[in-house]
Amino acid sequence: MKVLVATEKPFATVAVTKIREIVEKGGYSLTLLEKYKTPEEFCSAVADADALIVRSDIVDAAVIASAKRLKIVVRAGAGYDNLDLNACTGSNVVAMNTPGQNSNAVAELAFGMMLYTARGGFDGETGSELLGKTLGLHAFGNVGKCMARIAAGFGMKTYAFDPFVDKKIMIEAGVTPVDTIEQLYSISQYVSLHIPANDKTINSIGERLISLMPPGAVLVNTARKEVINEVEFAAVMEKRNDLKYLTDIAPDNAELFASKFAGRYFFTPKKMGAQTEEANVNAGVAAARQIVSFFATGDETFRVNKP
Ligand code: 3PG
């Protein structure tokens with residue numbers, strides 16, 4: 001049986017070595033498709049694969065239709081908005097993610113961007129500190145928890161809004177839960193997004209929420225660019241020249257930001273929240289183990305599509 005690792009943005013070599021060890025020990029062969037340039041290349045590589053490991057690679061209906069032998073696809077990471085779950089279910093393909101495996105890397109990047117901005121991009125001028133500032137976590141899942149741990153070290157006052165998480169869990173993590181999303185945006189000098197991209201969240205962060213942020217506030221987006229209503233956001237940035245935006249992957253209207261909001265934004269050149277050796281190993285190894293265990297015992301833990 002063949003396991004295909006298809007990564008347009010490859011895992012670190014050490015992660016690939018560990019994935020290979022697990023797959024081969026399970027009695028399967030591993031094929032690598034890295035830095036591919038077209039969806040056709042992906043479709044052709046997946047044609048004889050029994051299992052598939054991807055990162056943010058688009059697994060749409062065309063990929064699933066090409067994958068005649070595919071039984072399982074594992075998104076090595078948290079967000080699975082790149083998988084067409086209906087197409088997977090329609091072809092009896094089990095879809096999984098590996099929640100929590102790359103969370104610390106994402107949180108560290110968020111803090112890296114926050115510090116960089118607080119110190120004016122290390123330009124030698126007077127900056128500001130994180131100590132004593134308010135941080136609002138929009139969602140308190142695996143990344144939110146890592147954010148809270150790091151924020152405690154910096155001496156920030158951390159708040160969180162997440163209707164799906166018991167407030168006790170937030171309190172135990174040293175975080176103050178708030179009852180409404182409006183409250184979170186109103187009190188936070190830094191708001192950090194940790195929501196998935198889905199029907200409910202896409203375009204959900206717009207004028208209504210961003211306008212509530214206090215003077216000099218910073219919005220930090222290591223989640224997905226799709227959750228921002230870019231038109232409304234740009235309009236608020238134009239009205240309020242105190243606001244800043246830090247994001248892991250440029251928005252679609254990046255050129256507008258470059259022309260109008262110089263010095264008030266930072267975009268990573270390529271999505272790199274999970275781009276550490278440690279995160280690659282954690283997520284890649286988890287994906288490989290989930291595949292071996294699925295074939296060995298039918299284990300469907302971390303399945304995200306309907307049977
Ligand atoms: C995730 O959802 O796990 C992150 O966005 C990481 O995505 P990546 O594997 O493409 O870096």
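Q: In which strand of this predicted model is threonine 134 placed?
A: The model is a predicted one. Threonine 134 has its place in a strand that covers residues 134-138, and that strand is β6.

Q: Is threonine 134 buried or exposed?
A: The relative accessible area of threonine 134 is 10%. Buried means under 20%. Threonine 134 therefore counts as buried.

Q: Which residue has its backbone oxygen 2.8 Å from a polar atom of the side chain of threonine 134?
A: Leaving aside neighbours within four places in sequence, threonine 134 is in contact with residues including Met156, Lys157, Tyr159 and Tyr190. Ser188 and Gln189 are also among its contacts. The backbone oxygen that lies 2.8 Å from a polar atom of the threonine 134 side chain belongs to isoleucine 187.

Q: Which four residues touch the most other members of the largest nonpolar core?
A: In soluble globular proteins, nonpolar side chains tend to be buried together. Here the largest nonpolar core has 29 residues. Those that touch the most other members are Tyr185, Leu193, Ile205 and Leu219.

Q: Which element gives the largest share of this core?
A: The largest nonpolar core has 29 residues. At least two of its residues come from each of β7 (157-161), α8 (181-187), β9 (190-193), α9 (207-210) and α10 (230-239). The largest share is four residues, and the element that gives it is α10.

Q: Which residues outside its neighbours within four places in sequence does leucine 193 contact?
A: Leucine 193 is one of the residues that touch the most other members of the largest core. Two others of that group, Tyr185 and Ile205, are in contact with leucine 193. With neighbours within four places in sequence left aside, the full list for leucine 193 is His138, Tyr185, Ile205, Leu219, Val220, Asn221, Thr222, Ala223, Val227 and Ile228.

Q: How many residues does the second, separate core have?
A: This core is separate from the largest one, and Leu109, Ala110, Val143 and Cys146 are among its members. Its residue count is 27.

Q: What distance separates the centres of domain 1 and domain 2?
A: Domain 1 takes in 2-101 + 275-297, and domain 2 takes in 103-267. Taken over C-alpha atoms, the centres of domain 1 and domain 2 are separated by 30 Å.

Q: What area is buried between domain 1 and domain 2?
A: Eight residues of domain 1 are in contact with five residues of domain 2. Asp81, Gly100 and Thr276 supply 65% of the area that domain 1 buries against domain 2. Carbon and sulfur atoms give 45% of the area buried between the domains, which is about 460 Å².

Q: With which residue does aspartate 81 form a salt bridge?
A: The count between domain 1 and domain 2 is one salt bridge. Domain 1 includes 2-101 and domain 2 is 103-267. Aspartate 81 has a salt bridge whose closest N and O atoms are 3.1 Å apart, and its partner is arginine 224.

Q: How far apart are the closest N and O atoms of aspartate 179 and lysine 167?
A: Aspartate 179 lies in the loop between β8 (176-177) and α8, while lysine 167 is in helix α7 (residues 167-172). Aspartate 179 is exposed at 56% relative accessibility, and lysine 167 is partly exposed at 38%. The two form a salt bridge in which the closest N and O atoms are apart by 2.4 Å.

Q: Which helices hold glutamate 238 and lysine 260?
A: Glutamate 238 and lysine 260 form a salt bridge, with the closest N and O atoms 3.0 Å apart. Glutamate 238 is partly exposed at 47%, and lysine 260 is partly exposed at 44%. The pair ties together parts 22 residues apart in sequence, because glutamate 238 and lysine 260 lie in helices α10 and α11.

Q: How far apart in space are alanine 296 and arginine 240?
A: Alanine 296 is found in helix α12 (residues 277-297), and it is exposed with a relative accessible area of 61%. Arginine 240 forms a salt bridge with aspartate 242. Alanine 296 and arginine 240 are 56 residues apart in sequence, and their C-alpha to C-alpha distance is 57 Å.

Key: Residues numbered from 1 in each chain as written. Predicted model: local features only at pLDDT ≥ 70, side-chain atom pairs only at ≥ 80, totals over all residues. Heavy atoms only, no water. Core = buried A, V, L, I, M, F, W, Y, C linked by side-chain atoms within 4.5 Å. Buried < 20%, exposed > 50% of the residue type's maximum accessible area, 1.4 Å probe, protein only. Contact = heavy atoms within 4.5 Å. Domains from an automatic or database assignment. Buried area = accessible area lost by both parts, 1.4 Å probe. Salt bridge = Lys/Arg side-chain N within 4 Å of Asp/Glu carboxyl O. Polar contact = N/O pair within 3.5 Å; in protein donor to acceptor, adjacent residues only side chain to side chain.
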